[in-house]
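Work through these exercises with the sequence and the model side by side. Try each task before you read its solution.

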Amino acid sequence: DFIPFCALSVAKGMGITMEKLLLCSMLVFVFTGPSTLVDAHPTKGEAVKRVYATSEQILLDMMWTSINRYVNDNYGHDVFWAEPRITDARLEAKSPNNWSYVVSLMIKVDDHSDQYQDFGLDQMTIKIDSSQYNNKRSSNGSNIHLVEYKKFVLPQRLNP
């Protein structure tokens with residue numbers, strides 16, 4: 001309360017009325033306001049958001065296309081799957097220059113049929129051949145192979 005009173009007292013002492021002071025303040029605000037605009041859109045090539053990523057997220061992201069293909073092949077049509085979780089990851093060494101990773105994961109699956117009321121839970125094991133020392137790829141162009149696919153928990157049927 002004291003500071004605005006002092007500013008008003010100084011303004012009156014200089015012969016400036018309250019209306020003139022308010023008008024000048026508004027003009028300064030109007031002319032300087034647009035000069036401080038911020039563009040919220042990132043420039044080309046700039047990251048929108050940076051957050052910590054776990055090794056599980058990175059591995060699942062790299063395997064997403066293969067996982068999707070194996071799930072859809074197992075059901076014979078496109079299905080919705082979600083929430084993949086790695087349950088086991090191991091290194092299998094056949095020799096010093098030949099090894100692979102065996103990854104087991106669980107996923108929730110909904111085959112979009114009206115006869116089920118909930119998601120099923122499927123388990124798959126995938127083998128990732130290491131290509132650190134050789135550039136050979138399999139005939140399907142990938143180093144990721146399905147080892148085993150199980151429908152672990154079947155969804156409950158709706159009552160007819």
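**Exercise 1. Which residue in E3 stands opposite Val103?**

Solution. Start with the ground rules. This is a predicted model, in which local features need pLDDT of at least 70, side-chain atom pairs count only at pLDDT 80 or more, and totals for chains, interfaces and linings use all residues. Residues are numbered from 1 along each chain as its sequence is written, and side-chain values use heavy atoms, with hydrogens and water left out.

Now find the residue. Val103 faces Ile126 in E3. Next, take Val102: its bridge partner in E3 is Lys127. Then step back to the whole strands. E2 covers residues 98–110, E3 covers residues 120–129, and ten bridges pair them in the antiparallel sense. Two strands count as paired if DSSP finds at least two bridges between them.

**Exercise 2. List the helices and strands in sequence order.**

Solution. Count first: the protein has three helices and four strands. These are DSSP runs, numbered from the N terminus: helices are H or I with at least four residues, strands are E with at least two. Then read along the sequence. The pattern is α-α-α-β-β-β-β.

**Exercise 3. Build the sheet.**

Solution. Step one is the order. The four strands form an open sheet, E1-E2-E3-E4, with antiparallel pairing. Step two is the edges. E1 (80–95) and E4 (144–153) each have a single partner strand, so one side of each has no neighbour in the sheet. Step three is the twist, which averages 15 degrees from one strand to the next. The angles are taken between N-to-C directions, on a scale from 0 to 180 degrees, with axes fitted to C-alpha atoms (for helices, over the stretch in contact).

Step four is the E1 and E2 pair. Twelve bridges join these antiparallel strands. A hairpin of two residues links E1 to E2. Ser95 stands opposite Asn98 in E2, while Trp81 has Val109 in E2 as its bridge partner. What do strands of a sheet pair through? They use backbone hydrogen bonds, in parallel or antiparallel fashion.

**Exercise 4. Place helix H3 and find the core.**

Solution. H3 (residues 55–75) lies across E1, E2, E3 and E4, and runs at about 70 degrees to E4. Now look for the largest nonpolar core. It has 17 residues, and those with the most contacts inside it are Ile67, Val71 and Met124. Such a core is a set of buried Ala, Val, Leu, Ile, Met, Phe, Trp, Tyr and Cys residues joined through side-chain atoms within 4.5 Å. H3, E2, E3 and E4 each supply at least two residues of this core. H3 gives the largest share, six residues.

Zoom in on Ile67. Leaving aside neighbours within four places in sequence, Ile67 is in contact with Leu60, Trp81, Leu105, Met124 and Ile126. Contact means heavy atoms within 4.5 Å.

**Exercise 5. Is Ser104 buried or exposed?**

Solution. Locate Ser104 first: it is in strand E2. Its relative accessible area is 11%, so Ser104 is buried. The cut-offs are under 20% for buried, over 50% for exposed, and partly exposed in between (1.4 Å probe, protein chains only).

Then check its partners. The side chains of Ser104 and Thr125 share a polar contact of 3.2 Å. A polar contact is a pair of N or O atoms within 3.5 Å; within protein, one must be able to donate a hydrogen and the other to accept it, and residues adjacent in sequence count only if both atoms are side-chain atoms. Not counting residues up to four places away in sequence, Ser104 touches Arg85, Ile86, Thr87, Asp88, Met124 and Thr125.
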